[in-house]
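Dear colleague,

I am passing on the structure below for you to look at alongside my notes. Please keep it open while you read.

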Amino acid sequence: MAAGHTRATSNRTYLALLRGINVGGRNRLPMAALTDLFAEAGCRRIRTYIQSGNVVFDAPGSVANTVASRVSSRLAEQLGLEVPMVTRTASEMEQIVASNPFVEPDADLTVLHTGFCLHPPKPARLADLDPDRSPPDNCVAHGGELYLRCPNGIARSKFTSTYLDRTLGTTVTIRNWRTTLALLDLIRA
């Protein structure tokens, strides 16, 4: 490569899901401040969806690999917030949406949710999930995601983030199916 020339780095689209932002009056964080933190970390074309820590951004892989730790560190330094963050690529989100076992003709999509795991749960941990914990709810694992069907609402389900974190040995952040689909649309835009 000739002196003075740099190799172009291709940007890809990613999704970051922050857990516990602006929920129930806790962990208040304006989306403009969150956008600034992602820009400071080297991300571009940053878009947020609703006020609960959903961020779509473009970045080279080297930036995307460090964005969760960089943004989380800045949130702790600047605001005193300890916020877990899960990231997914655009292609992973396509697969996540395509893999939901509860999406069928005539399915009530309002009762469906996606649990995004920081690390794919180990098979031994998945075996510890109690299918009878919260009837009539269903929880199915696929890769690094959990698919939940909660006919009485997620607020009444005993498949809480706390239970899932403890049982699976990883951080899980949950989004309703409408939000999951909206995030995929935002990634595609």
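The notes that follow deal with the cysteines and then with one pocket.

This is a predicted model, in which local features need pLDDT of at least 70 and side-chain atom pairs count only at pLDDT 80 or more, while totals for chains, interfaces and linings use all residues. Residues are numbered from 1 along each chain as its sequence is written, and side-chain values use heavy atoms, with hydrogens and water left out.

A search of the whole structure finds zero disulfides, a disulfide being a pair of cysteine sulfur atoms within 2.5 Å. Cys139 is in no disulfide, and the nearest cysteine sulfur, that of Cys150, is 8.2 Å away, which is too far for a bond. Cys150 is buried at 0% relative accessible area, whereas Cys139, at 21%, counts as partly exposed (buried is under 20%, exposed over 50%, partly exposed in between, with a 1.4 Å probe and protein chains only).

The second largest pocket (on a 1 Å grid over the protein atoms alone, an open set of points where a 1.4 Å probe fits, with protein on both sides within 12 Å along at least five of seven lines) has a volume of about 180 Å³. Its lining, meaning residues with an atom within 4 Å of a point, comprises 14 residues, and Arg88, Glu92, Gly143, Gly144 and Glu145 lie nearest the centre. Helix 3 (90-98) and strand 7 (145-149) are the elements that give two or more residues to this lining, and helix 3 gives the most, with three; helices (H or I, at least four residues) and strands (E, at least two) are DSSP runs numbered from the N terminus.

Best regards

How values were computed:
Grid points are joined across faces, edges and corners, and a volume is the space filled by probe spheres set on the points.
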